[in-house]
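Subject: the model, and what's in it

Hi,

Here's the structure for you to look at. Could you open it up and have it in view while you read the notes underneath?

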Amino acid sequence: MSLTFYLFFAIVGILFVVFVWSLRGSKTHAPSAAPPSAIPQDPPVSHISHLAQIRRALAPADLEFASKRIPREALRRMRRERRQVALTYLSALRAELDTLLHTARVIAALSPEVAAGQEFERVLLTVNFVWRYRMIRISVWAGLTPLPQLNHLSNMLSAYSVRLEEAMRELGERAALVAEMVSSPDRRRIHPA
């Protein structure tokens, strides 16, 4: 057996462990407002509307400016509060991902053409998001400012949201087409197959 073969299975094993770990975490962060059979509504405020404030709160230049004007104790408190705001924002991103994944599961159940590749893509997205989410969370908790990573995580979530909206639009168009066919006056030409 070659090294590549063992390396491949090691990577698959690591991805599987991260995936199981992400499933464990999603149960603790899952929103409980929507019934499981309903398509969840968009959150009242998306994460994008707060990204600029989070960027500013984590900006090193802002902390440098404040460090020259306020006492050390107030600066420590300000850093701690800003870190807590960033961690809360990350938790909101995670909750939004859980909502989007729930919507994707509903769409997959309603759409007969969902291929295994699309399901695998959703699993990879989940693993990728959760891995980045955990690393950013650890970085923020440690006092670092991972602004590019936070931007990338937010953009990844936005792109997934847009793709889900497109899938929902296509599903709605198909449903409207079927409803139009069923309600047409000449039903003899409709074949149930």
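Below are some notes on the core and on one surface patch.

First, the small print: this is a predicted model, where local features need pLDDT of at least 70, side-chain atom pairs count only at pLDDT 80 or more, and totals for chains, interfaces and linings use all residues. Residues are numbered from 1 along each chain as its sequence is written, and side-chain values use heavy atoms, with hydrogens and water left out.

Start inside. The largest nonpolar core (buried Ala, Val, Leu, Ile, Met, Phe, Trp, Tyr and Cys residues joined through side-chain atoms within 4.5 Å) has 25 residues, and Leu90, Leu93, Phe129, Leu150, Leu153 and Tyr160 touch the most other members. Helices H2 (48-58), H4 (72-110), H5 (116-141) and H6 (147-183) each give two or more residues to this core, with H4 giving the most, 10. Helices here are DSSP runs (H or I, at least four residues), numbered from the N terminus.

Now take Ile136, in helix H5. Ile136 counts as buried (under 20% relative accessible area, 1.4 Å probe, protein chains only) because its value is 4%. Leaving aside neighbours within four places in sequence, Ile136 is in contact (heavy atoms within 4.5 Å) with Leu90, Pro146, Gln149, Leu150 and Leu153. Ile136 and Leu90 are 46 residues apart in sequence but 8.4 Å apart in space, C-alpha to C-alpha.

On the outside, have a look at Phe8 in helix H1 (residues 3-29). Phe8 is classed as exposed (over 50%) because its relative accessible area is 51%.

Cheers
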